[in-house]
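Trainee: I have a new model open on my screen and I'd like to learn how to read its strands and helices. Can you walk me through it?

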Amino acid sequence: MECKVAVISGDGIGPEIVREAKKVMDAVAEKYGHSIIYTDVLMGGASIDVHGIPLTDQAVADCQAADAVLMGSIGGNTSTSPWYQLPADRRPEAGLLKLRKSLCLFANLRPASLYQELKKACPLKDEVIKDGFDLMIMRELTGGLYFGERKTVEENGVWKAYDTLTYDENEIRRIAKRGFEIAKKRRKKVTSVDKANVLDSSRLWRKVVEEVAKEYPDVVLEHMLVDNCAMQLVKDPGQFDVILTENMFGDILSDEASMITGSIGMLPSASLNDTKFGLYEPSGGSAPDIAGQNIANPIATILSAAMMFRFSFDLDQEADAIERAVQQVLTEGYRTGDILSEGCKQVSTSQMGDLIAERI
């Protein structure tokens, strides 16, 4: 099979972790007889440095011409980087928002599970972790507060800022359907997270989700307010199967979920549209403070590549091979610094990539 992959290495640790993911993907391609054609694409600060804007039309076209997109990380230090002296629509993250919208990537899948080997790296107590957890956060990605109308104005000598949170029923329905479909293949439970006690957008969200639930009688639906969900994630994460939620809530909750896995460097993600096309990236940020030191954890990016094989290429055997290789390396006691515990062997970013690729 020929797979065309647009590669956005991005900023900070992005180029380092993407390099290791490509290393593993190439090992898979060689073993299973596939051909992967990579196209390098600039986005974020890397694009600003060259083109003056975070995402060019040509970059969008290059991504649209691919079968899938593999991305590292976007952005830099918001306090010191000159990128953040620019207007908001020219900063690195604006490129990512534009790309998501241009590619119609409305469904964000962020799995969070705890490897038994990483229980010591998990900040939760053993009595909370119990037998571990395995949950999927389904985040709506192209609507809500991040894409609503916004402005900053001066009124009577006082600066005032507005951000508008809007959803229509069709946006809610399509992400809800995707969430219930995923739940059917897992443990058949959906926890829809909103703030329906306060927000009109959440009341509409809850109404539409309940309508969609009628089409999936074998899936259990429960509603949970977002503040309670944040608490329950650290109180009893094992209760969750699929968490279905809107854009901003999903952004926050998925970062929380990443930390209870032991490290944000362990959390992959996929952003999908109505077709097989998807953008695959680790859930962590660009970590500019450790960029270039060869110490970042590449596992989330490598597991994102596994999701690419599974969801965009329908190559489940190849995805399984990557996930087994990651499991094997962890079982053998190899760790990057962020997940290091007593008795384990610390390795660099590139060494971790080598070890996983060797076990494909």
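Mentor: Sure, starting with strand pairing: two strands pair if DSSP finds at least two bridges between them. Keep in mind that this is a predicted model. Now take strand S8 (residues 189–194) and S9: six bridges join these two strands, which run parallel.

Trainee: Which residue of S9 stands opposite Thr 191?

Mentor: Thr 191 faces Glu 222 in S9.

Trainee: What do S8 and S9 make together with helix H7?

Mentor: For the handedness, look along the strands so that they point away from you; if the path from the first strand over the helix to the second runs clockwise, the crossover is right-handed. Here S8, helix H7 (residues 200–213) and S9 make a β-α-β unit that is right-handed.

Trainee: Where else can I practise that?

Mentor: Go to strand S1 (residues 2–10), which pairs with S2 in the parallel sense over six bridges. Val 7 sits opposite Asp 40 in S2. From S1 the chain crosses through helix H1 (residues 14–32) to S2, and this β-α-β crossover is right-handed.

Trainee: How many strands form the open sheet, and in what order?

Mentor: There are 10 strands in the open sheet, and you read across it as S2-S1-S3-S12-S11-S4-S5-S10-S8-S9, with mixed pairing. Its edge strands are strand S2 (35–40) and strand S9 (220–225), each of which pairs on one side only. On average, neighbouring strands in this sheet are turned by 25° against each other, direction ignored.

Trainee: In which sense do S4 and S5 pair, parallel or antiparallel?

Mentor: Strand S4 (residues 107–113) and strand S5 (residues 134–140) pair in the antiparallel sense, over seven bridges. For a landmark, find Ser 113, which stands opposite Asp 134 in S5.

Trainee: On to helices, then. At what angle do the axes of H10 and H11 cross?

Mentor: Compare the angle with the cut-offs: over 145 degrees counts as roughly antiparallel. The axes of helix H10 (residues 299–311) and H11 cross at roughly 160° and come within 7 Å. That makes H10 roughly antiparallel to H11. Their crossing is left-handed.

Trainee: Which residues make that contact?

Mentor: From H10 they include Ile 299, Ile 302, Leu 303 and Phe 309, and from H11 they include Asp 316, Ile 322, Val 326 and Leu 330. Sorted by class, the contact of H10 with H11 has 10 nonpolar, no polar and five charged residues.

Trainee: And how do H11 and H12 pack, at what angle?

Mentor: Helix H11 (residues 316–331) and helix H12 (residues 349–358) pack at an angle of about 120°, and their axes are 8 Å apart. The two helices are therefore oblique to each other. Their crossing is right-handed. At the contact, Ala 325, Val 326 and Val 329 in H11 meet Met 352, Leu 355 and Ile 356 in H12. By class, the contact of H11 with H12 has six nonpolar, no polar and no charged residues.

Trainee: One last pair: how do H3 and H4 cross, at what angle?

Mentor: The axes of helix H3 (residues 57–64) and helix H4 (residues 92–102) cross at roughly 45° and come within 11 Å. That makes H3 oblique to H4. The crossing of H3 past H4 is right-handed. Look for Asp 57, Val 60, Cys 63 and Gln 64 in H3, which meet Lys 98, Leu 99 and Ser 102 in H4. By class, the contact of H3 with H4 has three nonpolar, two polar and two charged residues.

Key: Residues are numbered from 1 along each chain as its sequence is written. This is a predicted model: local features need pLDDT of at least 70, side-chain atom pairs count only at pLDDT 80 or more; totals for chains, interfaces and linings use all residues. Side-chain values use heavy atoms; hydrogens and water are left out. Axes are lines fitted to C-alpha atoms, for helices over the stretch in contact, and angles run from 0 to 180 degrees between N-to-C directions. Helices (H or I, at least four residues) and strands (E, at least two) are DSSP runs, numbered from the N terminus. Angles under 35 degrees count as roughly parallel, over 145 as roughly antiparallel, 65 to 115 as roughly perpendicular and the rest as oblique. A crossing is left-handed if the near helix is turned anticlockwise from the far one by less than a right angle, and right-handed if clockwise. Contact means heavy atoms within 4.5 Å. Ala, Val, Leu, Ile, Met, Phe, Trp, Tyr, Cys and Pro count as nonpolar, Asp, Glu, Lys and Arg as charged, and the others, Gly among them, as polar.
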